[in-house]
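Reader: I am new to this structure. Please take me closely through one part, the annotated active site, and then show me a few places beyond it.

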Amino acid sequence: MEILENFSLKNYNTFGIDAKAKQFVAVHSVVELQEVLRQNQGTKKFILGGGSNMLLTQDVDALVLHIDLKGKKIVKETEEFVWVEGNAGENWHEFVLFAIENNFGGIENMSLIPGNVGTTPVQNIGAYGTEIKNTFAYCDAVEIATGNIKRFTNEECKFGYRESIFKNEVKDQFIITSVVFKLTKINHKINISYGDIAAELTKNNVKIPTLKDVSNAIITIRKSKLPDPKELGNSGSFFKNPVISKSDFEKIHLLHPEMPSYSVSETEVKVPAGWLIEKAGFKGKRFGDAGVHKNQALVLVNYGNASGSEILAVAQDIQKKVKETFGISIEAEVNVI
């Protein structure tokens, strides 16, 4: 384990921002992680996974710990269910494909989401009607202050919409090292009700979809809308879909009758942030090397040499315009550093 000085993070964040880390070290096991923490107790630390959910607007004046723990295995199974563990550094999409190849169901709707397994519980990632909390069994995490390992159950994680205990009460206190998911072996609950999945399956003449059929449909849809970070710097969806009261929605809907919505509860609805941003006039707009993707207004992009501050400025302009136009506040899903 070598601690590197003044290390470029350009290849460690999907926006491709060339920010520098004061110090950088990659850890490949829990033991290595505990040792680094023990040797650097008084040092400010920054935890880095796949770098897919952050926007670096400045250099990181800290010891950056790159969590690169690999491995996946079955930890328990019954006739109906299997508990599969993925270590924190495993690529999420590859983990999903591993589950599908073994006919394990429950996470196929989250195919092609960027990032690593270890960061999935932090903001309860989700797509196409499915969230991590639906299959999450537990995760193990190392406490930064002590090096001790603690297990967090589904209930203890306090999952909400793009929320968890790791973004709130215990933020910056733990490093997730592995996550276990409870997946189905039989009687899979195929979910094709959200978005364009059913239409894509129909186009491919699929009448009784398998897990792989659903995954392939979602991969096709996502590729048509979302740029590959290796080709165009981005962090996927930059904003959360706002949840507002039904009474507020009804007032706004009178002024904008074409506004789509999804029921969240008896009193709340979710409005697509991408639709709000597009109607506010930002879809496909470019501001220097920062901009909004031409196919999906939720995605902010780096066309080459944009700084994190330039991308943040675009995000703030979007938030301001959406608020002025619709009276709705939209929050960043991406962590701004």
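**A close look at the annotated site**

Author: Start with one polar contact. A polar atom in the side chain of Arg162 lies 3.0 Å from the backbone oxygen of Gly126. This is a predicted model, and every distance here is computed from it.

Why begin at Arg162? The UniProt entry, which is unreviewed, lists Arg162, Ser237 and Glu333 under "active site". These residues are spread over 172 residues of sequence, yet they cluster in space. The largest C-alpha distance is 11.6 Å.

Take Arg162 first. Look for Arg162 in the loop that runs between strand S11 (149-153) and strand S12 (174-184). Is Arg162 buried or exposed? Its relative accessible area is 9%, so Arg162 is buried, the cut-off being under 20%. The backbone has a feature to note as well. Phi of Arg162 is positive, about 55°, although the residue is not a glycine.

Now look around Arg162. Residues up to four places away in sequence are not counted here. Arg162 touches Gln123, Asn124, Ile125, Gly126 and Ala127. Arg162 also touches Glu131, Lys167, Lys240 and Glu333. Glu333 is thus both a contact of Arg162 and a residue of the annotated site.

Move on to Glu333. Glu333 sits in the loop between helix H7 (308-326) and strand S20 (335-336). With 11% relative accessibility, Glu333 is buried too, because that value is under 20%. The side chains of Glu333 and Gln123 make a polar contact of 3.1 Å. Leave aside the neighbours of Glu333 within four places in sequence. The contacts of Glu333 then include Arg162 and Ser237, along with Gln123, Lys167 and Lys240. Asn53, Phe238 and Phe239 are in contact with Glu333 as well.

Compare the two contact lists. Gln123, Lys167 and Lys240 appear around Arg162, and they appear around Glu333.

Next, a pocket. The second largest pocket has a volume of about 960 Å³. Its lining has 36 residues, and the closest to the centre are Thr14, Pro114, Asp228, Pro229 and Lys230. Which elements give two or more residues to this lining? They are helix H2 (92-101), helix H4 (211-225) and strand S13 (233-237). The largest share, 3 residues, comes from S13. By class, the lining has 18 polar, 9 charged and 9 nonpolar residues.

Then some single residues. Thr130 is in strand S9 (residues 130-131). Its relative accessible area is 10%, and Thr130 is buried. Beyond four places in sequence, Thr130 touches Gly106, Asn109, Met110, Ile125 and Asn191. Ile125 is also among the residues that Arg162 touches.

Val264 lies in the loop between strand S15 (262-263) and strand S16 (268-270). At 42% relative accessible area, Val264 is partly exposed. Not counting residues up to four places away, Val264 touches Val243, Val269 and Lys270. Val264 and Ser245 are 19 residues apart in sequence. Their C-alpha atoms are 9.6 Å apart in space.

Last, Asn6, which lies in strand S1 (residues 4-8). Asn6 has a relative accessible area of 55%, so Asn6 is exposed, the cut-off being over 50%. Phi of Asn6 is near 50°, a positive value in a residue other than glycine.

Note on methods: Residues numbered from 1 in each chain as written. Predicted model: local features only at pLDDT ≥ 70, side-chain atom pairs only at ≥ 80, totals over all residues. Heavy atoms only, no water. UniProt positions renumbered as here; feature names shortened; annotations may be inferred. Helix = DSSP H or I, 4+ residues; strand = E, 2+ residues; numbered from the N terminus. Buried < 20%, exposed > 50% of the residue type's maximum accessible area, 1.4 Å probe, protein only. Contact = heavy atoms within 4.5 Å. Polar contact = N/O pair within 3.5 Å; in protein donor to acceptor, adjacent residues only side chain to side chain. 1 Å grid on protein atoms, 1.4 Å probe; cavity = no way out; pocket = protein on both sides within 12 Å on 5 of 7 lines; lining within 4 Å. Points joined across faces, edges and corners; volume = space filled by probe spheres on them. Nonpolar A, V, L, I, M, F, W, Y, C, P; charged D, E, K, R; others polar.
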